[in-house]
Amino acid sequence: MSNLGDDFSQFDISKEEKDKLVAEVVRYILFKTHQNSGCPIKREELSQLVTKNYRHRSLPAYIINEAKAKLSTIFGYELRELQRSRPSSTSHSRLSQQSGVDAKSYVIISQLPAEVYKKYVEDVNTSHLTGFTFVAISIVQLAGDNLWHHLKRMGLHETDENHPVLGNVKQILETLVQQRYLQKDKVSGPEGTTLFYELAERALDGTVSERIKQYISQIVKKDDATVDIL
């Protein structure tokens with residue numbers, strides 16, 4: 001359970017009211033995550049669910065903490081707060097496309113073992129999107145931020161709206177930005193404005209970062225094996 005325990009008397013609400021608020025926040029998190037393809041949920045959104053009928057300043061934090069415990073013990077999810085990353089470039093000409101994003105936001109992460117999640121939860125119909133996510137993050141991590149240059153070498157273009165596997169490639173990449181795997185920046189130069197990509201919070205997360213390293217390592221081993229054969 002949460003560190004705050006069941007001491008909610010300070011908020012002058014009943015246990016039934018508290019439980020109702022917690023349930024409402026949990027439902028909102030699950031629904032919003034499904035509706036928005038796993039995009040982060042702003043803390044402000046969750047706070048508004050609580051403060052629309054209750055005015056105690058500390059109540060939202062208490063309810064969110066209780067909801068976090070429920071998500072973990074009942075649904076097997078960790079409610080994780082994202083820490084907004086800063087663009088690596090210090091150039092004043094680079095303008096982050098996420099500058100207006102609330103620094104306090106949440107995503108839910110499955111706590112199931114990887115093999116159990118893959119067998120019982122993972123949707124095979126979206127496996128191609130997972131694969132593209134790993135490829136895009138790996139390219140940015142290995143080759144810098146000129147992502148489209150490398151995607152074009154793979155036959156993927158910004159104008160692809162009906163790719164036979166991925167569909168609208170530009171929209172999928174935009175979804176990765178909204179999900180906070182990538183950060184999109186505009187850079188002004190002599191030839192006009194260019195889009196560049198950097199790794200965002202979720203790609204820098206320890207678990208995801210380790211999986212990416214393993215993925216890259218497997219590719220390198222395959223390339224080395226091919227060289228040996230030749």
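## Salt bridges, a helix face and a patch

R180 and E201 form a salt bridge, with 2.7 Å between the closest N and O atoms. Keep in mind that this is a predicted model. Grab the structure and work through these.

**Exercise 1.** Work out where R180 and E201 sit, and what their pairing ties together.

*Solution.*
- Start with R180: it lies in the loop between α7 and β5.
- Then find E201, which is in helix α8 (residues 201-204).
- The pair therefore ties together parts that are 21 residues apart in sequence.
- Now check burial, where the cut-off is under 20% relative accessible area. R180 has 3%, so R180 is buried. E201 has 8%, so E201 counts as buried.

**Exercise 2.** Take the salt bridge between K184 and E174 and decide for each partner: buried or partly exposed?

*Solution.*
- First the geometry: the side chains of K184 and E174 meet at 2.7 Å, N to O.
- This pair links distant parts of the chain, with K184 in strand β5 (residues 182-189) and E174 in helix α7 (residues 169-178), 10 residues apart.
- K184 has a relative accessibility of 13%, so K184 counts as buried.
- E174 comes out at 24%, so E174 counts as partly exposed.
- For the wider tally, the structure holds 7 salt bridges. Another one is R80 with E78, at 2.8 Å from N to O.

**Exercise 3.** Look at helix α1 and explain why its buried residues line one face.

*Solution.*
- Get the helix straight first: α1 covers residues 15-35, and its 30 Å reach from first to last C-alpha is close to the 30 Å expected at 1.5 Å a residue.
- Next, list the buried residues: K18, L21, V22, V25, V26, I29 and T33.
- Look down the axis of α1: these buried residues fall within an arc of 130°, so they line one face of the helix.
- Flip to the face turned away from the buried side, and you'll find the exposed residues E16, K20, R27, F31 and H34.
- Finally, see what the buried residues of α1 pack against: β1 (41-42), α2 (43-51), α3 (59-73), β2 (77-82) and β4.

**Exercise 4.** Find which residues make the nonpolar surface patch of about 390 Å², and place L112.

*Solution.*
- The patch is made by L112, Y117, Y120 and V121.
- L112 sits in the loop between β4 (105-110) and α4 (114-120).
- With a relative accessible area of 39%, L112 is partly exposed.
- As a backdrop, 35% of the protein's 230 residues count as buried.

Conventions:
Residues numbered from 1 in each chain as written. Predicted model: local features only at pLDDT ≥ 70, side-chain atom pairs only at ≥ 80, totals over all residues. Heavy atoms only, no water. Buried < 20%, exposed > 50% of the residue type's maximum accessible area, 1.4 Å probe, protein only. Patch = residues over 30% accessible without salt bridge, like charges linked within 9 Å, V, L, I, M, F, W, Y side chains within 5 Å. Areas by Shrake-Rupley, 256 points an atom, 1.4 Å probe, with all protein chains shown as cover. Salt bridge = Lys/Arg side-chain N within 4 Å of Asp/Glu carboxyl O. Helix = DSSP H or I, 4+ residues; strand = E, 2+ residues; numbered from the N terminus. Expected span 1.5 Å × (residues − 1). Arc of directions from axis to C-beta. Contact = heavy atoms within 4.5 Å.
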